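Biologist: Got a minute to walk me through this one? I'd like the overall picture, then some strands.

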Amino acid sequence: MVSIPFTEGKPPKPWRRALAILPSELEERILGLDTSLLDGLEEVRLRVGQPLELCGRHGSLFLKTTTGVTAHVTEGLRLSSGHLNQVIQNVTQFSLYAVEEELRRGFITIPGGHRVGVAGRMVLDRDGHVKSIRTISSLNVRIAREIPGVGSSIRSHLYDKSDGRPLSTLILSPPQCGKTTLIRDLARQWSESLLVRRKYPAKVAIVDERSEIAGCVEGVPQFAVGPRTDVLDGCPKAEGMLMAIRSLSPDIIITDEIGRVEDADAIMEATHAGVAVIATAHASRLDEWRRRPNMDTLFTARAFSRYVLLSRKNGPGTVDAVLDETGRVLS
């Protein structure tokens with residue numbers, strides 16, 4: 001993850017640090033908007049030749065050529081390739097080579113856990129895999145945030161009532177429904193012993209491959225993830241889970257966006273070691289997730305005791321249902 005200069009003394013709003021990567025004239029224009037709009041901001045989308053788009057609780061709006069925002073495309077402030085190049089230079093500190101591996105995955109994580117997604121002309125290797133991006137034509141700045149207490153509504157489902165043992169839980173939703181925000185809060189609540197009183201509070205290990213859960217800068221979490229939480233920052237999920245089991249004696253491992261066969265193997269290893277796993281995956285429904293490669297084996301083996309389905313029906317983080325290990329609806 002790259003370092004971004006940030007002016008000290010400004011209010012610690014999550015969007016402020018994310019906006020610091022924009023050209024100064026765009027940053028100032030956005031910072032001049034109504035605070036309620038900024039507090040609900042989820043994405044800043046930049047496309048060459050198109051108006052700058054602000055997405056969030058307010059829906060989709062464009063930054064106007066004059067002042068304020070508009071819903072009309074023709075009134076929006078259109079961006080040039082120079083605007084995007086400046087953002088890329090700010091994010092990469094003028095070295096695309098330094099973030100080559102991240103670009104290959106399609107995004108760069110910046111301090112604060114914010115993700116900058118990229119799109120453009122891809123360069124492929126001899127095997128047809130993405131090698132790099134030659135020309136970047138779109139950027140999507142996704143703003144990470146913490147919402148203390150967002151996991152409280154489901155906490156009665158997340159532990160064994162007989163002994164307070166944490167239950168392995170998978171959070172399922174399409175993108176932008178609050179999965180990462182939820183598991184960030186669950187890490188804090190377990191670590192602070194807020195979910196259930198235990199003689200020995202739970203030790204939590206976060207395997208944060210993309211630095212989005214804890215938002216680490218130089219290995220130090222920028223989000224509140226609790227006093228009994230260890231973070232393996234920038235560590236591949238499967239490898240990190242095995243490292244945590246071997247060396248950190250966690251009660252709970254938290255990670256995001258599982259999907260590979262090695263992820264499934266590591267989760268089974270944790271299950272057999274008596275360690276609960278809280279993870280996320282992209283899917284709208286349980287059966288949709290089960291159809292993904294490598295995932296049905298986890299369901300069949302009952303690796304997860306709970307499934308939490310999220311949506312945006314009432315805003316990000318709406319809990320549609322909590323299911324047990326068989327798929328039965330609990331609430």
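Modeller: Here is the overall build, followed by the sheets.
Modeller: This is a predicted model, so to speak of local features I need pLDDT of at least 70, and side-chain atom pairs count only at pLDDT 80 or more, while totals for chains, interfaces and linings use all residues. Residues are numbered from 1 along each chain as its sequence is written, and side-chain values use heavy atoms, with hydrogens and water left out.

Biologist: How many helices and strands are in the protein?
Modeller: The protein has 10 helices and 14 strands. Those are DSSP runs numbered from the N terminus: helices are H or I, at least four residues, and strands are E, at least two.

Biologist: And why call it as compact as a globular protein of that length?
Modeller: Because its radius of gyration is 20 Å, close to the 20 Å that the globule rule gives for 331 residues. The radius is taken over C-alpha atoms, and the rule is 2.2 Å times the number of residues to the power 0.38.

Biologist: What share of the residues is buried?
Modeller: Buried residues are 48% of the 331. Buried means under 20% relative accessible area, with a 1.4 Å probe and protein chains only.

Biologist: Switching to sheets. What is the strand order in the open one?
Modeller: The order is 4-3-2-1-7-6-5, with 7 strands and antiparallel pairing. Two strands pair if DSSP finds at least two bridges between them.

Biologist: Which are the edge strands?
Modeller: Strand 4 (69-70) and strand 5 (107-110), each pairing on one side only. Strand 4 is joined to strand 3 (residues 59-63) by 2 bridges. There, Phe-62 stands opposite Thr-70.

Biologist: Now strand 8. Is it mostly covered or exposed?
Modeller: Mostly covered. Strand 8 spans residues 169-173, and 5 of its 5 residues are buried.

Biologist: Which way do its residues point?
Modeller: Thr-169, Ile-171 and Ser-173 point one way, Leu-170 and Leu-172 the other. In a regular strand, side chains alternate between the two faces of the sheet.

Biologist: Which strand does strand 8 join over 5 bridges?
Modeller: Strand 12 (residues 276-282), running parallel. In that pairing, Ser-173 has His-282 as its bridge partner.

Biologist: And how many bridges pair strand 8 with strand 13?
Modeller: There are 4, also in the parallel sense, and strand 13 covers residues 306-311. Leu-170 has Tyr-307 of strand 13 as its bridge partner.

How values were computed: Buried means under 20% relative accessible area, exposed over 50%, partly exposed in between (1.4 Å probe, protein chains only).
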